[in-house]
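Work through the following exercises with the sequence and the model open beside the text. Each one sets a task and then solves it step by step.

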Amino acid sequence: YMNRQDSYENIRKIDFVDGKDAEANLASKNFVFILLCSFLVVFGMIISLIGAMMSRKGRYPQFLHIGCYSFLIGLYVLSSRYLLQIFNPNLLVNTFLEYFSMFLLPTPVMLYSLEIISKKRKIFRWYMKIYVMADIAATVVTVIAYFFYDFHLNRVSGYYRVFMIMGLLSLFIANFRRIFNNVGDKLRASVLWVLIINNTIPLLSFVLSKNPGGMSDLPVYLMPVGNIYIILALLFSYLMNYMKVFKDDVERQVLLRMAYTDPMTGLYNRAKSMEEFEKLDNGSEAYCVVWLDLNYLKRTNDRYGHEEGDMLITRFSRILKNAFDDIGTVCRMGGDEFCVIIKKSMNDIKIKKCINKMLELIDEDNKGGHKHFMQTSYGIAGSEEFDMPKTDGVCSRADERMYEIKVKMKAQRTD
């Protein structure tokens, strides 16, 4: 229970003002400061909510911790500077919020440090976990004592300062290399610096202040300003990391495209076909292969030059892509050879439609007045033709059937 001595200990500086429009005068004198701290409270709640949802998916839990820290800093500064009474005239509630936010401040800081510290540093990680549990437990016990036993909250402020010093020292030691060597993200290293300074300066002000019940204005102003820097630095850091991941993914996609794409035609190349064949050999689904040969390519190269031959290959590739791209993987195997890998039975009606579409497009192209005539031989084979199908056997049979058609076409030539 409180005694008479307790009631008059650590009385803060008293300012006498005109009671008329006191709240309005207080708000006008501290408008920027109120706006700043209110932003921290509201923004902290929003970031905490977003961080909680992201943490459930295992992504960016630091946002939850920094959001809670922002909320507690804003609430603490508003209440410690008597600015909460503008919104709530109940001084008992405001005092409770001041001490409650002050007691819980180390928890989100330690949880943030836990997220970034190496998992190999087990001693520090266990210490921080115990520290967080001790802080939460002590706060709960103090709140219960305050509400049910009229416990004077200021009586434990000295113990809290010692407890906070222990936390700051452990935070500094655990992240020493990250802070001074800028290991990893420099912005996050600066966040640690600001977290430590942001909590050390007000703590020193408490200890060194001649007025035991309060602290000077400068440290109080530094806390929300420092916290805004922390929020902006973290957001910018995550944005930069996201851009780096996005850039790396784009580069990887470009490299994959270069590795699997034929530069002349834009179709997939032999390497891509080998990868697809390997997948089919390791699977059990039905598939078929259409093997194609572009006729008259050598004659076109000899008569009109390789530039015209390349144009013939490019036109034929566009037709294949147009005809088969919806149902299969179109690959240029090299020179005048192409194949289409289709994950369907060779008797599927859609395959027949695609082949007919290819032949129709070739006929239309030949009516375009080109110097060189386009014609293709093709053969098709499916996995259902084999008891133990392998892509080598399926491709060989499709190639044999293609060659049979090529021989017949060659016999029919009149030029």
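**Exercise 1. Determine what share of the residues in the protein is buried, and how many helices and strands there are.**

Solution. Buried residues, meaning those under 20% relative accessible area (exposed is over 50%, partly exposed lies in between, with a 1.4 Å probe and protein chains only), make up 42% of the 415 residues. The model is a predicted one, in which local features need pLDDT of at least 70 and side-chain atom pairs count only at pLDDT 80 or more, while totals for chains, interfaces and linings use all residues. Residues are numbered from 1 along each chain as its sequence is written, and side-chain values use heavy atoms, with hydrogens and water left out. Helices (H or I, at least four residues) and strands (E, at least two) are taken as DSSP runs and numbered from the N terminus, which gives 16 helices and four strands. Counting as a contact any heavy atoms within 4.5 Å, residues 24 or more positions apart account for 71% of the contacts with a separation of 6 or more.

**Exercise 2. Establish the strand order of the sheet and identify which strands stand at its edges.**

Solution. Strands are taken to pair if DSSP finds at least two bridges between them, and on this basis the four strands form an open sheet in the order E2-E3-E1-E4, with antiparallel pairing. E2 and E4 each have a single partner strand and stand at the edges, so one side of each is left without a neighbour in the sheet. From one strand to the next the twist averages 20°, where axes are lines fitted to C-alpha atoms (for helices over the stretch in contact) and angles run from 0 to 180 degrees between N-to-C directions.

The next step is to go through the pairings. E1 and E4 are joined in the antiparallel sense over eight bridges, and leucine 294 has threonine 376 in E4 as its bridge partner. E2 and E3, also running antiparallel, are joined by six bridges, with cysteine 331 bridged to cysteine 339 in E3. The hairpin of E2 and E3 has two residues between the strands, and glycine 335 there takes a positive phi near 60°. Six of the seven residues of E2 are buried, so this strand is largely enclosed by the rest of the structure.

Finally, add the helices that lie across the sheet. Helix H12 (residues 270–282) lies across E1, E2 and E3 and runs at about 130° to E2, while H15 lies across E1, E3 and E4 and runs at about 175° to E4.

**Exercise 3. Test whether the length of H14 agrees with its residue count, and find what its buried residues pack against.**

Solution. The expected span is 1.5 Å times one less than the number of residues; for the 19 residues of H14 this gives 27 Å, and because the end C-alpha atoms are 26 Å apart, the two values agree. Buried residues of H14 include Leu312, Ile313, Phe316 and Leu320. The buried residues of this helix pack against strand E1 (288–295), helix H13 (297–304), strand E2 (328–334), E3, helix H15 (349–366) and E4.

**Exercise 4. Count the aromatic pairs and describe two of them by distance and angle.**

Solution. Rings of Phe, Tyr and Trp (its six-membered ring) pair if their centres lie within 6.5 Å, and planes under 30 degrees apart count as stacked, over 60 as edge-to-face and the rest as tilted. By this rule there are 10 aromatic pairs. Tyrosine 131 and phenylalanine 163 are stacked, at 4.1 Å centre to centre with 10° between the planes. This pair links helix H7 (residues 122–149), which holds tyrosine 131, to helix H8 (residues 157–174), which holds phenylalanine 163, across 32 residues. Tyrosine 131 is buried, with a relative accessible area of 4%.

Phenylalanine 316 and phenylalanine 338 are instead edge-to-face, at 5.1 Å centre to centre and 75° between the planes. The former lies in helix H14 (residues 306–324) and the latter in strand E3 (residues 337–342), so the pair ties together parts that are 22 residues apart in sequence. Both phenylalanine 316 and phenylalanine 338 are buried. Elsewhere, ring pairs link Phe96, Phe100, Tyr146 and Phe147 into a cluster.
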